[in-house]
Amino acid sequence: MKKSIISIFAAATLLTASSCSESFLDENNKSNPTQDSYFQNATQAQTFVNGIYTNLRANTSGDGIGYGESPWINLELLVGHASTNSQSNFNLGVINHTTGTENPGFYSYWQGFYEGIANANVAISRIPQIDMNDTQKSTLMGQAHFLRAYYYFFLTRLFGDIPLVTQPVDPTDDSQLRPQRANKEEIYELIVNDLTAAENSSIPDVDRTGRASKGAVKSLLANVYLTMAGYPLNKGAEYYQLAAAKAAEVTTQGDAWYPLFSNLEFLHDRPNKNLGEFILQVQYLGGVAENNITQMIIPYNSSISRHGDEYGSLVPRQAFVDSYETGDKRSAERGFFFTSAPRAKNGTGTITFPPALYKYWLEASSGVNGDLTPDINFTLIRMPEVYLIHAEAENEVNGPTDAAYASLNKVRQRAGLAPLSGLSQSQFREAVWRERYHELCYENKAYFDIQRTRKAYNLAANSFVDLIGYRNESGTTWTEKYLLLPIPQRELQANPNLAPNNPGW
């Protein structure tokens, strides 16, 4: 049974869902220790913090997974640049903007990320009391602050005003177990404070194991500032400046920290997990924690993989593929998309199909000689996004400067495109937005771009238009209702203090 945040915060206080074995990727240990008996040494603290990362997997988990549903797919289908071949009425409801408050994908974010917050609160409260090496303690505290910030940033963008809980709760205190919603300004204040604490900790500049790093902290903080500059907070120029400056702290390190891959195949293979341009990924490992995202993007029952399930849950629209510039490596066959593959079962030959998302195809698992071990990592932050944050924010503050062009053209160069020059500020702005859609497609960035800009990418016109009232490529007209997701119905039932729901829900 899925848990409400009432039971999640109570469980975290008692450590029923927090203990993990020492391997970073191992699944949760259900041994149920108490805090007093558990937080005794550095090894236990490390193990506990490792466990907070596992909640990042809520991105690709969810109820009803057998029908091709997944939280990350929900966010992509909302945008209108993808369709589905799956049997899921929930997916169809998201496409048509007719889904309800019981959508399992929406709830998976709420449940999974609040569980991460609850465990981060315990870590931040208890680790300072442990007698251990100061550098290691600072590193663990930095990771816990980073993860809490990440979870709150994601949740407040999805659900708006949400409960703000920063301490382990007393399970006997009903007011703590049934918190009221806090204003989003308060949420963002905590996010910035947490990321500042993480930035000042002893975490390394770059980490290649899947843990938080200074690079990840700075990149996320730049994204937070960029978001705060736009809707719904509308803090404007000051925060664009903050975003530009923070992103520059990463982009100036360039290839020394996060070199862009020379081959787009490296974005979705096993040998390059956590390397190159990857700043932060959700970790998966065969036999420990597997990720069925590849099965989700395989054309429905196409027989191009050895997997028993080929869901066709997310199908890129042809109009989106066609929106790329001529010669763009990303829209070429087996760039970010593919339209044919060898038959892997039920015979031989080659199967052709409408564009599918090659970006998440794992050949080692799914191909003709695949080992049926779907353990592709799910990417949260890549270096191209940081270049584009810097380009956009710099342009908003100072216009299209040489520095802004350098960041934008760095991404275009890898795609095989000519550098841009001579644009006005408004032309440059739209060029960056377009590049974000094309480079970061289907990585759960587009819905948040829609929220903060209130603009939609009109594929037919290759331009950006006002969002509200726009009829997207799915034939769905955008309304203000879908600028936020609903507080899940089961949460409202468990905690009446969350009412009323978001506008329109």
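A pocket, as the word is used here, is an open set of grid points with protein on both sides within 12 Å along at least five of seven lines. In this predicted model, the second largest pocket holds about 410 Å³ of space. Its lining is made up of 22 residues, and those that lie nearest the centre of the pocket are Gly160, Lys184, Pro232, Leu483 and Leu484. Helix 7, helix 9 (184-199) and helix 18 (446-453) each supply at least two residues of this lining, and the largest share, 3 residues, comes from helix 18.

Helix 9, one of the elements that line the second largest pocket, can be described further by its length and by its buried residues. Its 16 residues should span 22 Å at 1.5 Å a residue, and because the C-alpha atoms at its two ends are 22 Å apart, the expected and the computed values agree. The residues Ile187, Tyr188, Leu190, Ile191, Val192, Asp194, Leu195, Ala198 and Glu199 of helix 9 are buried, and the buried residues of this helix pack against helix 7, helix 10 (214-229) and helix 11.

Enclosed space was examined as well. Rolling a probe the size of a water molecule over the atoms shows where empty space is left. The structure holds 8 cavities of 30 Å³ or more, and the largest cavity has a volume of about 190 Å³. This largest cavity is lined by 21 residues, of which Arg157, Asn223, Leu380, Glu385 and Lys445 are the closest to its centre. Helix 7, helix 10, strand 6 (378-382) and helix 18 each supply at least two residues of the lining of the largest cavity, while helix 7 and helix 18 are also among the elements that supply at least two residues each to the lining of the second largest pocket.

Arg157, one of the residues closest to the centre of the largest cavity, is also placed over aromatic rings. Its charged end sits over the ring of Phe154, 5.5 Å from the centre of that ring, and Arg157 likewise lies over the face of Phe448, at 3.7 Å from the ring centre. Phe154 and Phe448 belong to one aromatic cluster, which is formed by Tyr109, Phe113, Tyr150, Tyr151, Phe154, Tyr447 and Phe448.

Aromatic rings were then considered in pairs. A pair of aromatic rings is described by the distance of the centres and the angle of the planes. With ring centres required to lie within 6.5 Å, the count comes to 35 aromatic pairs. In one of these pairs, the rings of Tyr114 and Tyr152 have their centres 6.2 Å apart and their planes at 90°, and the pair is therefore edge-to-face. Tyr114 in helix 6 (residues 104-126) and Tyr152 in helix 7 (residues 134-159) are 38 residues apart, so that this pair links distant parts of the chain. Both Tyr114 and Tyr152 are buried. The rings of Phe261 and Phe278 also form an edge-to-face pair, because their planes stand at 70° with the centres 5.3 Å apart. This second pair again links distant parts of the chain, with Phe261 in the loop between helix 11 (237-251) and strand 2 (278-282), Phe278 in strand 2, and their positions 17 residues apart in the numbering. Phe261 and Phe278 are both buried.

Helix 15 (residues 383-398) has 16 residues and reaches 22 Å from its first C-alpha to its last, which is close to the 22 Å expected at 1.5 Å a residue. This helix is mostly covered, since 14 of its 16 residues are buried. Helix 15 is followed by Gly399, a residue with a positive phi near 80°. Gly399 is found in the loop between helix 15 and helix 16 (402-414), and, because its relative accessibility is 8%, Gly399 counts as buried. When residues up to four places away in sequence are not counted, Gly399 touches Glu394, Ala404 and Gln425.

Two further buried residues complete the description. His97 has its place in the loop between helix 5 (89-95) and helix 6, and it counts as buried because its relative accessibility is 9%. Leaving aside neighbours within four places in sequence, His97 is in contact with Leu78, Thr476, Thr477, Trp478 and Tyr482. Met296, by comparison, is found in helix 12 (residues 293-297) and is buried, with a relative accessible area of 0%.

Conventions. Residues are numbered from 1 along each chain as its sequence is written. This is a predicted model: local features need pLDDT of at least 70, side-chain atom pairs count only at pLDDT 80 or more; totals for chains, interfaces and linings use all residues. Side-chain values use heavy atoms; hydrogens and water are left out. Rings of Phe, Tyr and Trp (its six-membered ring) pair if their centres lie within 6.5 Å; planes under 30 degrees apart count as stacked, over 60 as edge-to-face and the rest as tilted. Helices (H or I, at least four residues) and strands (E, at least two) are DSSP runs, numbered from the N terminus. Buried means under 20% relative accessible area, exposed over 50%, partly exposed in between (1.4 Å probe, protein chains only). A charge sits over a ring if NZ of Lys or CZ of Arg is within 6 Å of the ring centre and within 35 degrees of the ring normal. The expected span of a helix is 1.5 Å times one less than its number of residues. Contact means heavy atoms within 4.5 Å. On a 1 Å grid over the protein atoms alone, a cavity is a set of points where a 1.4 Å probe fits but cannot get out, and a pocket is an open set with protein on both sides within 12 Å along at least five of seven lines; lining residues have an atom within 4 Å of a point. Grid points are joined across faces, edges and corners, and a volume is the space filled by probe spheres set on the points.
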